[in-house]
Amino acid sequence: MKRSLMTLALALSASVPALADQALATSKNCMACHAVDKKLVGPAFKDVAAKYAGQAGAADKLATKIIKGGSGVWGPVPMPANSQVNEAEAKKLAAWVLSLK
């Protein structure tokens, strides 16, 4: 009984940061154009994670794109700047996106 409660607690604690960061993405309107696992207006976050996997500086690059916007990487639709996202939030969002598999 004690072992199964510990396993459950570990499983739940591992998913809490992912849910919290998805909540941040939702609160900052990222989810209006992106989804975790399917393309909407912009690419799926899992596709972004796959594209930048293993690249040095990827988190900082994505954090900058989150704040300033970008164009041409994923097609003709530009990503607008997100002035409502501060630097710390952008870094947290970038790290979360890159953690998705």
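Here are some notes on this predicted model, point by point.

1. Overall make-up. The chain has four helices and zero strands, so there is no sheet to worry about when you read it. Going from the N terminus, the order of elements is simply α-α-α-α. The chain counts 101 residues, and 29% of them are buried. As for how the contacts are spread along the sequence, take those with a separation of 6 or more: 45% of them link residues 24 or more positions apart.

2. The annotated site. UniProt, in an unreviewed entry, puts a "binding site" feature at Cys-30, His-34 and Met-79. In sequence these residues span 50 positions, yet none of their C-alpha atoms are more than 10.5 Å from one another, so the three gather at one spot. Cys-30, His-34 and Met-79 also turn up in the lining of the largest pocket. Keep in mind that the annotation comes from the record and may be inferred rather than shown by experiment.

3. Cys-30. Where does Cys-30 sit? You'll find Cys-30 in the loop that joins helix 1 (2-27) to helix 2 (45-52). Its relative accessible area is 15%, which is under the 20% cut-off, so Cys-30 counts as buried. Beyond its neighbours within four places in sequence, Cys-30 has contacts with Ala-25, Phe-45 and Leu-93.

4. His-34. The loop between helix 1 and helix 2 also holds His-34. With a relative accessible area of 12%, His-34 is buried. Once neighbours within four places in sequence are set aside, the contact list for His-34 reads Leu-40, Gly-42, Pro-43, Phe-45 and Met-79. Met-79 is one of the annotated positions, and Phe-45 is a contact of Cys-30 as well.

5. Helix 3 against helix 4. The axes of helix 3 (residues 58-68) and helix 4 (residues 87-99) come within 8 Å and cross at roughly 125 degrees. That angle is over 115 but not over 145, so the pair is classed as oblique. The crossing is right-handed. On the helix 3 side, the residues taking part are Ala-58, Ala-59, Asp-60, Leu-62, Ala-63, Ile-66 and Ile-67. Helix 4 answers with Glu-87, Ala-90, Lys-91, Leu-93, Ala-94 and Leu-98. Leu-93 is worth a second look, since Cys-30 touches this residue too.

6. Asn-82. Is Asn-82, in the loop between helix 3 and helix 4, buried or exposed? Buried: the relative accessible area of Asn-82 is 15%. Not counting residues up to four places away, Asn-82 touches Ile-66 and Ile-67, and both of these belong to the helix 3 side of the packing with helix 4.

7. Glu-89. This residue lies in helix 4. At a relative accessible area of 19%, Glu-89 still falls under the 20% cut-off and therefore counts as buried. Apart from neighbours within four places in sequence, Glu-89 has contacts with Leu-24, Lys-28 and Gln-84.

8. Leu-98. Helix 4 also contains Leu-98. Its relative accessibility is 22%, so Leu-98 is classed as partly exposed. Which residues does Leu-98 touch, leaving out those up to four places away in sequence? They are Ala-49, Tyr-52, Ala-58, Ala-59 and Leu-62. There is a long-distance pairing in sequence here too: Leu-98 and Lys-46 are 52 residues apart along the chain, but their C-alpha atoms are 7.8 Å apart in space.

Definitions and conventions:
Residues numbered from 1 in each chain as written. Predicted model: local features only at pLDDT ≥ 70, side-chain atom pairs only at ≥ 80, totals over all residues. Heavy atoms only, no water. 1 Å grid on protein atoms, 1.4 Å probe; cavity = no way out; pocket = protein on both sides within 12 Å on 5 of 7 lines; lining within 4 Å. Helix = DSSP H or I, 4+ residues; strand = E, 2+ residues; numbered from the N terminus. Buried < 20%, exposed > 50% of the residue type's maximum accessible area, 1.4 Å probe, protein only. Contact = heavy atoms within 4.5 Å. Axes fitted to C-alpha atoms, helices over the stretch in contact; angles between N-to-C directions. Parallel < 35°, antiparallel > 145°, perpendicular 65-115°, else oblique. Left-handed = near helix turned anticlockwise from the far one by under 90°.
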